[in-house]
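This report describes a single protein chain together with its ligand, beginning at the binding site and moving outward to the fold and the backbone. Please read it alongside the sequence and the coordinates displayed below.

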Amino acid sequence: MSAAIEDVLALVRPDLQAFAGYSSARSAAVQGEVWLNANESAWANPADAAGGSRRYPEPQPLALREGLAALYGVTPQQLLVGRGSDEAIDLLVRALCVPGRDGVLVTPPVFGMYAVCARLQGAASIEVPLVDAEDGLRADLDAVIDTAKARNAKLVFLCAPSNPAGSDIALDEVERVAVALRGLALVVVDEAYVEYAQRPSATTLLAVNPNLAVLRTLSKAHALAAARIGTLIAAPELIAVLRRCQAPYPVPTPCAELAVQALQPAALARTAEHVTTVIAERERLCAALPALPGVRRVYRSSGNYLLVRFADAQAAFDTLLDAGVVVRDQRAAPQLSDALRISIGSPEENDRVLAALSARRAAA
Ligand SMILES: Cc1ncc(COP(=O)(O)O)c(C=O)c1O
């Protein structure tokens, strides 16, 4: 094992580095015809016509792992599949952070699950706020590096594209952070929205940066939020340790089967078309919204949403709600006391957003 990989494994909680985890019936490498080793039922449930749910699932279904590995351009050994990227975030925090000692660096305003998982683990949330600049609400990566070093951050979450800010992080900047924190922290690039950013994934940096990990999901561009299929991509040695800390059967069979279908060429082609539509619609809304009454600022976005500041965010929220359109109120988030986040919908749905906000002028 290389010294660089040893440095990464040393980031895992000392009490878990040699942890064997739960040994499930499915993980034992045995062959047979009559399976009586997992206390399953001998009969399918009447609701399960094909009988596919009678048995416990493969812990990491091979067909799904192979499909995801091909999609993400990595090897199956670099993947951990779980219940959405939410599960991977939780797993990383639990496996790396010693409660009461280690910290998780986050860049608010940002996706809330990093801080929630840190709190549940008794790990400090170390905040390096985004900076509101002319070109957007951006991560201050020099401050990220300095603060991670000064405050014992074990995990550094870089949300790219960032939710809700919409800003992205260039890959050479991601690499700069990973290099600076080598041996000190695992840098996790959350790419839940990368399909909309039209750039290569940070997975292309993994080969030379073992203290980097990447989160991907089928919940957004692939339109499978309910199937809960998220993937952590990292050094195979780290994945092996995390697998031993994960729940025994994290991927339900119906969800795995649905996801495998979603990775077939025809489905991927449709997904790509929808991504193209969303990007065009995002740019249309981004151009149209600033002209509407009460809109103070629209941030450019690399995701499938726009962060918008309003003169009266409550009034804008209510106007949209009266038109039957529900958007995300961001006013409780730091720096966003006047902001709403609007997901990009179908062209017709987006027209409804524009029509509702334009009508405010007529009413005013
Ligand atoms: C940045 C970011 N990461 C991760 C997630 C969680 O996604 P999943 O459905 O894969 O758990 C979300 C969901 O909104 C998100 O915005």
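## The shell around the ligand

Helix α3, which covers residues 84–96, supplies three residues to the shell around the ligand, and this is the largest share. The model is a predicted one, and every distance and area in this report is accordingly a computed value. In this model 13 residues surround the ligand, and the closest are Ser85, Asp190, Tyr193, Thr217 and Ser219.

By residue class, the shell is mixed in character: four of its residues are nonpolar, five are polar and four are charged. The space that the ligand takes up is the largest pocket.

## Polar contacts and coverage

Which side chains place a polar atom 2.7 Å from an oxygen atom of the ligand? One of them is Tyr193, where an N or O atom in the side chain is found at 2.7 Å from a ligand oxygen, and Arg228 likewise has a polar side-chain atom 2.7 Å from an oxygen atom of the ligand. For Thr217, a polar side-chain atom lies 2.6 Å from an oxygen atom of the ligand. These separations qualify as polar contacts because the cut-off for a pair of N or O atoms is 3.5 Å.

Taken on its own, the ligand has 400 Å² of accessible area, and the protein covers 92% of it.

## Overall fold

The protein chain contains 11 helices and 13 strands. Its radius of gyration is 22 Å, close to the 21 Å that the globule rule gives for 364 residues, so the chain is as compact as a globular protein of that length. Measured out along its principal axes, the C-alpha trace of the protein chain spans about 75 × 55 × 35 Å.

## Backbone features worth checking

Where do the cis peptide bonds that precede Pro161 and Pro164 fall in the chain? Both prolines are found in the loop between β6 and α6, with β6 covering residues 153–159 and α6 covering 171–180. The bond from Ala160 to Pro161 is cis, with omega near -5 degrees, and the bond that joins Asn163 and Pro164 is also cis, with omega about 5 degrees.

A further backbone feature belongs to Asn152, whose phi is near 65 degrees, a positive value in a residue other than glycine. Asn152 is located in the loop between α5, which covers residues 141–150, and β6.

Note on methods:
Residues are numbered from 1 along each chain as its sequence is written. This is a predicted model: local features need pLDDT of at least 70, side-chain atom pairs count only at pLDDT 80 or more; totals for chains, interfaces and linings use all residues. Side-chain values use heavy atoms; hydrogens and water are left out. A residue is near a molecule or strand if one of its heavy atoms lies within 4 Å of it. A polar contact is a pair of N or O atoms within 3.5 Å; within protein, one must be able to donate a hydrogen and the other to accept it, and residues adjacent in sequence count only if both atoms are side-chain atoms. Accessible areas come from the Shrake-Rupley method with a 1.4 Å probe; for residues, only the protein chains shown count as cover. On a 1 Å grid over the protein atoms alone, a cavity is a set of points where a 1.4 Å probe fits but cannot get out, and a pocket is an open set with protein on both sides within 12 Å along at least five of seven lines; lining residues have an atom within 4 Å of a point. A molecule sits in a cavity or pocket if more than half of its atoms lie within 2 Å of its grid points. Helices (H or I, at least four residues) and strands (E, at least two) are DSSP runs, numbered from the N terminus. Ala, Val, Leu, Ile, Met, Phe, Trp, Tyr, Cys and Pro count as nonpolar, Asp, Glu, Lys and Arg as charged, and the others, Gly among them, as polar. The radius of gyration is taken over C-alpha atoms; the globule rule is 2.2 Å times the number of residues to the power 0.38.
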